[in-house]
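Trainee: Got a minute? I'd like to walk through this one with you, starting with the charged pairs.

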Amino acid sequence: MPQTREPHDHDDDHDRGHGRDHDDGEEIPFALPFYNRRWKRFAIVGGVLFVVALIGFLLVWNTFFKYVPPGKHLVIIAKNGAPLDPGEVLAKPGQKGIQREVRGEGWHFIMPIVYTTEVEDNTVIPAGRVGIVTALGGPAPSNGRVLAEEGEQGIQRHVLPPGAYRINMHGYQIEEVAATEIKPGFVGVVRRLLGKEGNGLFAAEGSDEKGFLPRVLQPGIYYINTKEFAVNNEEVGIIQTSFHAPNASKETDTSITFTSKGGFPISIDGTVEWEMLPEHMPMLVAEYGKWQEIEKKVIDVQAHAICRDKGIDYGVQEFLDGTTREKFQEDFTQELTKVCKEKNVTVHSAFIRRIVIPEEYLKPIRDKQIAAETQLTTKAKELTAESENEVEREQRMIDQEVAKVEAETKLLVANIDQEVKNITVRTEAEIEKIKAEYGSKIATLDAERERTLGQAEAEVTKMKETAKSNLYKLKMDVFESDGNAFLRYTLADQLSPNLVLRLFHSGSGTFWTNMGDKNMTLMLPAAAVPETKERRKGDEKKTGTIEPGK
């Protein structure tokens, strides 16, 4: 019986290793699935180990590394170390507590057992704002200073302009205030609020004294510590101050009133144009304040004082006279300009529009002036009447002269017309005489021309006839006085060069054969004679002849 192979009769390891039977070399059908199961177990185990390793790596990484996103910073707190310095709230490296230095965006290695961390927002100062920094820790400012420098406790001298900053808010406080803006047409007058006590209202150049600074700020935006400085926006430019009596539009009486020489009250309406220069603004603001106060305490006061002091030297009549009134105007302008300049105010012009004089003084003067004007008017009327009579008399004389001139003009015109007629008649007679003389000469010349032409024509005719006679004589000499030859030549000469004659011999009894000796002999060019027997015979001669009927 054939032997049956059992799977258990062979070595399992040997079969798995080779996959074939030792006896007949056939494949073992279960070997490939076994290998797939083994590699699958290896893949699962490897994947689990990789995930465990990755999780462990991430845990370790997140434990030792901290990520700071954009727009934030990392605050580090030390758990151990030396104690803080007196007055400090932030720790230096090696000290216990909140560390002064912060970390920016990105990954940072932090020892988890030694330190803890906090992620905080950056400090952002928007446009048009400024940040005032106050340090919570550090030594107090020295030398009596109020503002603190970097590292000192208190309000910091330096401010934060617009931007983003990594500031440890555990040790600082930030106050946002509006930036200082100086608009066009204004200047900024700066006054230091914090500092040493000075000797007056003004702070010395380059010092830390309280008071107004000598320099102003021009139009623009400034990032100023408002805890240290106060800035006043003061308007600059030319200002008009008017003094006027009350009227329909102005109910308040602001005119300048003073007493003139003689005790009469005088009122003045005027306008003063003045200006505060930027370099003088600190002193003016420190002494007076706003420009309205300057107008009231300088321009108004000085204008009244000058009019009072100068007006007492002028009488009422002098204010009526143009020359002295102009002199008062000049004195007022010069004195006001001088006094205001001493007070750092620039006066450009001071114009007096009207001077009001009391009615009780003006009435007698006005009545007297009216009487004088009335007398002058009466005299003027008398002179006007006399002038009108004189004008009428002169007008009549003018009319007479005009009539005389018109008569003389007419006479002259008539004489000129008669003279023109006489000249016209004489001219026409002379023209007729000249025409007759030249007509006779022309007739004589025409007769002479006719006679000359007749003689010329007769001579021409004679010469032509003589030439013809000579020509005929020459021709007869050529033909040796043969009339028939001359006749034939003449006939041939009158024929067209393109004439072609064809002669046919028709035999006896025709027109040509019965002509007898009355035949027609033609002299034709050889080219015009047809190719006939007679032509061939005639070619032997210089002139071919064709005789019909032969």
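Mentor: Sure. Keep in mind that this is a predicted model. A good place to begin is R166 and E105, whose side chains form a salt bridge with an N to O distance of 2.8 Å.

Trainee: Where in the chain do R166 and E105 sit?

Mentor: Both are in loops. R166 is in the one between β9 (163-165) and β10 (172-178), while E105 is in the one between β3 (97-98) and β4 (106-109). That puts them 61 residues apart, so this bridge links distant parts of the chain.

Trainee: And how accessible is each partner, R166 and E105?

Mentor: R166 is partly exposed at 48% relative accessibility. E105 is partly exposed too, with a value of 35%.

Trainee: OK. What does R129 pair with?

Mentor: R129 has a salt bridge to E176, and the closest N and O atoms are 3.9 Å apart. R129 belongs to strand β7 (residues 129-135) and E176 to strand β10, so the pair ties together parts 47 residues apart in sequence.

Trainee: Why does 3.9 Å still count as a salt bridge there?

Mentor: Because the cut-off is 4 Å between a side-chain nitrogen of Lys or Arg and a carboxyl oxygen of Asp or Glu. As for cover, R129 has a relative accessible area of 29%, which makes it partly exposed, and E176 is partly exposed at 36%.

Trainee: Which residues are joined into a network by salt bridges that share partners?

Mentor: E149, R157, R192 and E228.

Trainee: How many salt bridges are there in the whole structure?

Mentor: A search of the whole structure turns up 17. Another one of them is D85 with K92, at 3.6 Å from N to O. D85 is partly exposed at 31%, and K92 is partly exposed at 42%.

Trainee: Switching to greasy stuff. Which residues make up the nonpolar surface patch?

Mentor: F50, V51, L54, I55, F57, L58 and L59, with about 690 Å² of accessible area together. L54 is in helix α2, which covers residues 31-64.

Trainee: Is L54 buried, exposed or in between, and what number goes with that?

Mentor: In between: L54 has a relative accessible area of 39%, so it counts as partly exposed. Patch members need over 30%, so L54 clears that bar.

Trainee: Now the strands. How many of the residues in β13 are buried?

Mentor: Five of the seven residues in β13 (residues 211-217) are buried, so the strand is mostly covered. Strand β12 (residues 186-192) runs antiparallel to β13, and four bridges join the two. Within that pairing, G188 stands opposite L217 of β13.

Trainee: And S267, what does its side chain contact?

Mentor: S267 is in strand β18 (residues 265-276). The side chain of S267 makes a polar contact with the side chain of T257, at 3.3 Å. Leaving out residues up to four places away in sequence, S267 touches S255, I256, T257, R354, I355 and V356.

Trainee: Zoom out for me. How many helices and strands are in the protein?

Mentor: Nine helices and 21 strands. The protein has 550 residues, and 25% of them count as buried. About 38,000 Å² is exposed, with carbon and sulfur atoms supplying 57% of that.

Trainee: What share of the contacts is between residues 24 or more positions apart?

Mentor: 66%, taken over contacts with a separation of 6 or more.

Conventions:
Residues are numbered from 1 along each chain as its sequence is written. This is a predicted model: local features need pLDDT of at least 70, side-chain atom pairs count only at pLDDT 80 or more; totals for chains, interfaces and linings use all residues. Side-chain values use heavy atoms; hydrogens and water are left out. Patches are made of residues with over 30% relative accessible area and no salt bridge: like charges are joined within 9 Å, nonpolar side chains (Val, Leu, Ile, Met, Phe, Trp, Tyr) within 5 Å. Accessible areas come from the Shrake-Rupley method with a 1.4 Å probe; for residues, only the protein chains shown count as cover. Buried means under 20% relative accessible area, exposed over 50%, partly exposed in between (1.4 Å probe, protein chains only). Two strands pair if DSSP finds at least two bridges between them. A polar contact is a pair of N or O atoms within 3.5 Å; within protein, one must be able to donate a hydrogen and the other to accept it, and residues adjacent in sequence count only if both atoms are side-chain atoms. Contact means heavy atoms within 4.5 Å.
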